[in-house]
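The following exercises practise reading a protein model step by step. Please examine the sequence and the structure before turning to the solutions.

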Amino acid sequence: MTEDLDAIRRQLAISCADALELMTDHLEDALSEADAARMRAHLGGCEACGVFLDQLRATIGIVHEVGPAEEFAVDPERVDSLADLFRAERGD
């Protein structure tokens, strides 16, 4: 019986790669209840993913503190010359 439960747990478990894919949805409470439970279980046992989640939360907080991006005018000729320089560097 314990072996059956262990097999079911392994089938329901998610990998770190899966957890990274679900991280944003997890923060936005956009996961299904089943996926949210799997995510919580993974985070409960994976220190690395927990650290990544904390860093993601901190980054989001910093971005909110900074506020919206400021717009500034750029001379179209400069944009064209920069694009030409970029293409020349790439060998286009």
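**Exercise 1: The nonpolar core**

The largest nonpolar core in this predicted model has 11 residues: Ile14, Ala19, Leu22, Met23, Leu31, Ala36, Met39, Leu43, Cys46, Cys49 and Leu53. Determine which elements give two or more residues to this core.

*Solution.* Step 1. Two or more core residues come from each of helix H2 (16-27), H3 and helix H4 (47-66). Step 2. Consider one member of the core, alanine 19. Residues up to four places away in sequence being left out, alanine 19 touches Ile14, Met39, His42 and Cys49. Step 3. Of these partners, Ile14, Met39 and Cys49 are also listed in the core.

**Exercise 2: Histidine 42**

State where histidine 42 is placed, and decide whether histidine 42 is buried or exposed.

*Solution.* Step 1. Histidine 42 lies in helix H3, which covers residues 33-45. Step 2. The relative accessibility of histidine 42 is 13%. A residue is buried when its relative accessible area is under 20%, so histidine 42 counts as buried. Step 3. Apart from neighbours within four places in sequence, the contacts of histidine 42 are Ile14, Ser15, Cys16, Ala19 and Cys49.

**Exercise 3: Cysteine 16 and cysteine 46**

How many disulfides does the model contain? Explain why cysteine 46 is not bonded to cysteine 16.

*Solution.* Step 1. A disulfide is a covalent bond between the sulfur atoms of two cysteines. The cut-off used here requires the two sulfur atoms to be within 2.5 Å. Step 2. By this rule the count is 0 disulfides. Cysteine 16 takes part in none, and the nearest cysteine sulfur, in cysteine 46, is 3.6 Å away. Step 3. Cysteine 46 is not bonded to cysteine 16 because a distance of 3.6 Å between their sulfurs is too far for a bond. Step 4. Compare the accessibility of each residue. Cysteine 16, at 36% relative accessibility, counts as partly exposed. Cysteine 46, with a relative accessible area of 12%, is buried.

**Exercise 4: The whole protein**

Describe the secondary structure of the protein, and state what percentage of its residues is buried.

*Solution.* Step 1. The protein has 5 helices and 0 strands; from the N terminus on, the order is α-α-α-α-α. Step 2. Of the 92 residues, 15% are buried. Step 3. The accessible surface comes to about 7700 Å², and 55% of this surface belongs to carbon and sulfur atoms. Step 4. Among contacts with a separation of 6 or more, 58% join residues 24 or more positions apart.

Methods: Residues numbered from 1 in each chain as written. Predicted model: local features only at pLDDT ≥ 70, side-chain atom pairs only at ≥ 80, totals over all residues. Heavy atoms only, no water. Helix = DSSP H or I, 4+ residues; strand = E, 2+ residues; numbered from the N terminus. Buried < 20%, exposed > 50% of the residue type's maximum accessible area, 1.4 Å probe, protein only. Contact = heavy atoms within 4.5 Å. Core = buried A, V, L, I, M, F, W, Y, C linked by side-chain atoms within 4.5 Å. Areas by Shrake-Rupley, 256 points an atom, 1.4 Å probe, with all protein chains shown as cover.
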